[in-house]
Amino acid sequence: MALVFERILTEGLGNLSYLIGDDASGIAAVIDPRADVDVYLDLARHHKVAVTHIFQTHVHEDFMSGAIELAVRSGSATNFMSYEGGGGRYGYEHKPLRDGDTFEFGNVVLTARHTPGHTPEHMAFLIAESKRAAHPFGVFTGGSLLINAAGRTDLLGSEQAEKLVAAQYHTLYNFYLGLDDYVLVHPTHAHGSPCGAQIGNRLSSTIGYERRFNPFLQLKSLSQFHDFALGNLPPKPTYYPRLKETNTAGPVVLGNLPRVPALPVSAFNQHVDEGKSIVIDTRMMLAFGGGHVPGALNIGALPELSIWAGWMLDADRPILLVLEDDEHLDTVIRLFVRTGFTKFTGYLTGGMKAWGNAGLPIQSLRQVSVHELRTQAMDYQIVDVRAPDEWKQGHIPNAQHLFLPELRERLGVLKKEAPVALYCDSGYRATLAASLLQQAGFTDVCNIPGSWQAWTRAGYPVDKSVSR
């Protein structure tokens, strides 16, 4: 008989969740579950345990919580959520979680510790053998202590940020640095999550390693910590307030993935003409460029679809899907659900082949190589849609910076009558940006496949000036 421990990585969002329990007692807990909860039920079945406890380290803003979904689907699990500093305004059935609460799972014990800073109600969970409960061997840190980083403290606005910075400082220096060096660190937010700046790409660490190398743990005073913590933050995603509200009130229980009807070409085209739904083409950039439904936005079916759908789409507007293959439907729907998209009008059966065979209009997106762009640069308005920190590290000469989530609001700086060439790191975000420009009426738009990676590997000049 042994400890059950499974770490589940949600790629694209940079989040980790955990199944932990004891196969002798047949019970387990899930920490910070995502919305598509089948993975936890499947793992529990594999290990012959029942999920009886669901712990959330904090109210998540970066992904839709699966806590309520999992409680209903498991049939036996109880949700535990912190009241500490959170006001207890949750709109779903749960039990209060307070500092020092302990939970036994066979030979291991979890102890909840209030660790505010990333959020006021934040909890971490120490894990120890029952016979050595005072000497934990691991800690689930949620969004407080991260790998090479710490959770951002500005999510509740500037007024709360001052209090949360101080709370985060005391959490890190008084609680985490008080743990033994051998204690394993298991965070919820991992590399790629906007909930922290420059999060390391390892999935776990130790207190000793973080003590020595984590820059957030090298500062001499609260004042230094304040300036460092607030001085290098990535942009806050616009969908965060929506998901915070959803996760506080409690997401609607789906019971499974949302139903997405199969629509023949005629029905799909009718919905397109009605204009109530938004057409999202999830094929890769070159396929989309070759031909797509006029006005469609391109968000390729990679794990990062979740975050870019969150940034760029209205969750209340139903979605019409164009797929690479009809068999990819469930995979694509999971990516949407993870950031709270549950309304779908349907998907185009047979994809673009069926659309083209029906003789319906097709829009293309020109693809321009970095070599063509290099020789014809003066013919284009070159637009860099990467994040601000990427831009600062270097960009194509004569480019202007329009961060993708800000593009709709800043279209006025571009000339509609002049050709526009868009790039990002690889072309994924640039194709989304290009499709947005086409939707807005720009007629001469092109994407740069390979984008920044291709430009630098070709050895072409790099501009490091910071003006936009």
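**Exercise 1. Lysine 48 and aspartate 32**

Task: Locate lysine 48 in this predicted model, and decide whether lysine 48 is buried or exposed.

Solution.
1. Lysine 48 sits in the loop that runs between α1 and β4 (50-55).
2. The relative accessible area of lysine 48 is 68%. The cut-off for exposed is over 50%, so lysine 48 is exposed.
3. The backbone deserves a check as well. Most residues other than glycine have a negative phi. Lysine 48, although not a glycine, has a positive phi of about 60°.

Task: Carry out the steps above for aspartate 32, which has a positive phi.

Solution.
1. Aspartate 32 belongs to the loop between β3 (27-31) and α1 (38-47).
2. Its phi is about 55°, and aspartate 32 is not a glycine.
3. With a relative accessible area of 2%, and with buried defined as under 20%, aspartate 32 is buried.

**Exercise 2. Classifying aromatic pairs**

Task: How many aromatic pairs does a search of the whole structure find, and what is the geometry of the pair formed by tyrosine 239 and tyrosine 240?

Solution.
1. The search yields 23 aromatic pairs.
2. For tyrosine 239 and tyrosine 240, the ring centres are 5.3 Å apart, and a pair requires centres within 6.5 Å.
3. The two planes meet at 75°. Planes over 60 degrees apart count as edge-to-face, so this pair is edge-to-face.
4. Tyrosine 239 and tyrosine 240 are both buried.

Task: Classify the pair of tryptophan 311 and phenylalanine 403, and state which parts of the chain the pair ties together.

Solution.
1. The ring centres of tryptophan 311 and phenylalanine 403 lie 5.7 Å apart, with the planes at 80°, so this pair is edge-to-face.
2. Tryptophan 311 is in helix α9 (residues 305-312), while phenylalanine 403 is in the loop between β22 (400-401) and β23 (420-423). The pair therefore ties together parts that are 92 residues apart in sequence.
3. Tryptophan 311 has 11% relative accessibility and counts as buried. Phenylalanine 403, at 4%, is buried too.

**Exercise 3. Clusters and charges over rings**

Task: Which residues form one aromatic cluster, and which rings have arginine 242 and arginine 386 over their faces?

Solution.
1. One aromatic cluster consists of Tyr169, Tyr173, Phe216, Phe225 and Phe228.
2. Arginine 242 is over the face of phenylalanine 341, 5.1 Å from the ring centre.
3. Arginine 386 is over the face of tryptophan 452, at 4.6 Å from the ring centre.

Notes
Residues are numbered from 1 along each chain as its sequence is written. This is a predicted model: local features need pLDDT of at least 70, side-chain atom pairs count only at pLDDT 80 or more; totals for chains, interfaces and linings use all residues. Side-chain values use heavy atoms; hydrogens and water are left out. Rings of Phe, Tyr and Trp (its six-membered ring) pair if their centres lie within 6.5 Å; planes under 30 degrees apart count as stacked, over 60 as edge-to-face and the rest as tilted. Buried means under 20% relative accessible area, exposed over 50%, partly exposed in between (1.4 Å probe, protein chains only). Helices (H or I, at least four residues) and strands (E, at least two) are DSSP runs, numbered from the N terminus. A charge sits over a ring if NZ of Lys or CZ of Arg is within 6 Å of the ring centre and within 35 degrees of the ring normal.
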